[in-house]
Each structure stands twice: as structure tokens, then as C-alpha cells.
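Visitor: I am new to this structure and should like to look closely at a single part of it. Please begin there and then explain how the surroundings are arranged.

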Amino acid sequence: MSDLILDVRGLTAGYTEEPIIQDMGMRAERARITGIIGPNGCGKSTFLKAIVGIVSPTSGQVMLDGSDVTYNTPFETLKYGLAYIPQGRQVFADMSVLENLRMSAYTLRDETVIRGRFDEAFTHFPRLYERRQQLAGTLSGGEQSMLSFAMAMVLQPKCMLLDEPSLGLAPTMIEQIFETIIEMNEAGMSMVVVEQNINVLFQIADYIYILDSGRNRFDGNPEDVLKQEELLKLYMGVQA
Ligand SMILES: Nc1ncnc2c1ncn2[C@@H]1O[C@H](COP(=O)(O)OP(=O)(O)OP(=O)(O)O)[C@@H](O)[C@H]1O
Ligand SMILES: [Mg+2]
């Protein structure tokens, strides 16, 4: 029997009356990496936003580790253990690295716990420790990525949703971010990763969903998806 951390069914949501995603589903297994791919503008980010409650679904259900979080606010969803790292590395530009981590950790009361979590994040990202007093807005793109990742790590969520972690990063930085994803996953973290960089995603994901025009198009393990040559060419513009 599969052990689902996230079970999304029939999710319909949008920004106006017209739905952007329709009847979308996803089953993400605990301690696995679930990948999501699809063409630009097909609704990948909207799907994640509807799951965490930034966009309110008009129908459907989101179950997180057995709890119904469908109509929860993003903050409530986070308290249940679902952390969302948005596309485009959103950090507080006018605050230092440490202040950013503090903002993220503001629900944690115990100073010893907070220090321990920061130490863990800095162990993963020594560069952030070196730059802990630097304003986040002046960090490089890769460093800002590390920071947004570290901000989620300090919360020790049950599951992380990552929206295009490789976007705009140099290959070495992409490698580093994906190594961290693998390390965290090996330590038991459940992850859902939206990614255009199919080459990298297919190496790490246990299961892949292909979306198209706000709907589920195909899903399977990476080997099955790679057999869908026409689909990959048509929707991703890649040579399978
Ligand atoms: N805040 C918003 N208000 C209105 N429409 C929006 C908003 N955000 C996104 N959309 C629209 O919803 C559709 C899906 O966008 P979304 O960002 O979910 O796509 P995506 O698959 O993540 O694309 P990309 O690969 O470019 O990140 C697009 O047509 C977009 O213009
Ligand atoms: Mg997007």
C-alpha cells in the first residue's frame, strides 16, 4: 500500500471566474520526490499555489498526511507541515541573511531549537553562513536560492513544494541545489518539484506528472514518461 504525504484530487482554481487549473490531481508519496513538468503558462505554479492556499480552489480536495487542508490559509497549511518555495526566489531583500531566517522561524519559540535549525541550514549552505550579515537583495541569484531553501529547512516541514529551483541559475549552482534536494530527500523529506530542467528532474524524481493547459496529461515513473517521446517533444520542446 502506498503511503501518501499529499493527495490532491479534482482541484479547480484560478484568479478570476475562469479556472486556470481544472480537475487536477496528484499523489505524492512520503519520502519520495514527485516531479511536475509542463509548458510555460500551463498552470504549474497555480497548482502549487492552490495546494498551499495562496489561490482558493473552487472545488477539489487537498489532503496533507491525512488532514484536509483544502481551504486553509498558507500559514495554516505551513503549520500542518507543508512548506512552499515560490518561483523566483522570494527573499526579504532589505534584510540580512540571518534576519530572513529569523522571519521564517518566527513561529518557533525556543531559542535553542532555533539555533540548532540555523546551524543545520548553515551546514548545508556554508556560503550563507559567510554572508549571514549581508542584505539578501545583494546576494547572487544562486545564493538567494540557497537562502529561500534554508528558510524552508528551518521549519522542518513534512513536505516541501519547490517551484522551479533551477530557474536562472548557472549549471554549478543547479548542481548544488539539486544535491541538497537529494540529501534532504535521503534524510526522509517528501518533496514535490516543479522543474523545466527535465534532464536534472528525471535523474532525481521517483514519479513524474505532465500537465498541459491546466489539466493532468500523463503521469508515470521517469522511464515510462521518457517513452512518451511525442509528448515530450510536443510539450517540452526536447528531443527525447
Ligand atoms: N496572479 C495572476 N492573475 C491572473 N492570471 C494569472 C496570475 N498568475 C498566473 N496567471 C495566469 O495563469 C496561467 C498559468 O500561470 P502559471 O504561472 O500557473 O503557469 P506555469 O505553468 O507556472 O508557467 P511557467 O512555466 O512560465 O512558470 C497563465 O496564463 C498566467 O498568465
Ligand atoms: Mg511557474
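Visitor: Is Gly66 buried or exposed, and why does it count as such?

Guide: The model is a predicted one. Gly66 counts as exposed, because 8 C-beta neighbours lie inside 10 Å, and a residue with 12 or fewer is classed in this way. Its place is in the loop between β4 and β5.

The strands on either side of this loop belong to a sheet. This sheet is open and has four strands, which follow the order β2-β1-β4-β5 with antiparallel pairing. At its edges stand β2 and β5 (67-68), each of which pairs on one side only. Strand β4 (residues 57-64) runs antiparallel to strand β1 (residues 4-13), and six bridges join the two. One point of contact between them is Thr12, which stands opposite Ser59 in β4.

The edge strand β2 (residues 21-29) holds Asp23. Asp23 has a positive phi of about 50°, although it is not a glycine. With 14 C-beta neighbours inside 10 Å, Asp23 counts as partly exposed. A positive phi is also found at Gln156, where the value is near 40° and the residue is again not a glycine. Gln156 is found in the loop between α6 and β7 (159-163). It has 13 C-beta neighbours inside 10 Å and therefore counts as partly exposed.

From Gly66 one may also look across to Met160. The two residues are 94 residues apart in sequence, and their C-alpha atoms are 16 Å apart in space. Whereas Gly66 is exposed, Met160 is a member of the largest nonpolar core, which has 67 residues. Met160 is among the members that touch the most others, together with Leu147, Ala150, Leu161, Met191 and Val193. Helix α6 (residues 141-153) gives the most to this core, namely seven residues. Ala150 touches Leu101, Ala121, Phe125 and Leu128, when residues up to four places away in sequence are left out of the count. As a general matter, nonpolar side chains tend to be buried together in soluble globular proteins.

A second sheet should now be considered. It is open, with six strands in the order β6-β7-β8-β3-β9-β10 and mixed pairing. Its edges are β6 (82-85) and β10 (215-220); each has a single partner strand, so one side of each is left without a neighbour in the sheet. On average, neighbouring strands of this sheet are turned by 20° against each other, direction ignored.

Within this sheet, β3 deserves particular attention. Five of the five residues of β3 are buried, so the strand is largely enclosed by the rest of the structure. Both of its faces are covered: Ile33, Gly35 and Ile37 are buried on one side, as are Thr34 and Ile36 on the other. Side chains in a regular strand alternate between the two faces of the sheet.

The partners of β3 may be taken in turn. With strand β8 (residues 190-194), β3 pairs in the parallel sense over four bridges. Ile33 has Met191 as its bridge partner in β8, and Met191 is one of the core members named above. With strand β9 (residues 207-212), strand β3 (residues 33-37) also pairs in the parallel sense over four bridges. Here Thr34 has Tyr207 as its bridge partner, and Ile37 has Ile210.

Beyond β9 the sheet continues to β10, and these two strands pair in the antiparallel sense over five bridges. The bridge partner of Ile208 in β10 is Gly220. The hairpin of β9 and β10 has two residues between the strands, and in it Ser213 takes a positive phi near 45°.

Finally, there is ligand 1. Its surroundings comprise Tyr15, Ile20, Gly38, Asn40, Gly41, Cys42, Gly43, Lys44, Ser45, Thr46 and Gln87. This shell divides into three nonpolar residues, seven polar and one charged.

Methods
Residues numbered from 1 in each chain as written. Chains lettered and ligands numbered in written order. Predicted model: local features only at pLDDT ≥ 70, side-chain atom pairs only at ≥ 80, totals over all residues. Core = buried A, V, L, I, M, F, W, Y, C linked by C-beta atoms within 7 Å. Buried ≥ 20, exposed ≤ 12 C-beta atoms within 10 Å, placed from the backbone. Contact = placed C-beta atoms within 7 Å. Pairing = 2+ DSSP bridges. Axes fitted to C-alpha atoms, helices over the stretch in contact; angles between N-to-C directions. Near = placed C-beta within 6 Å. Nonpolar A, V, L, I, M, F, W, Y, C, P; charged D, E, K, R; others polar.
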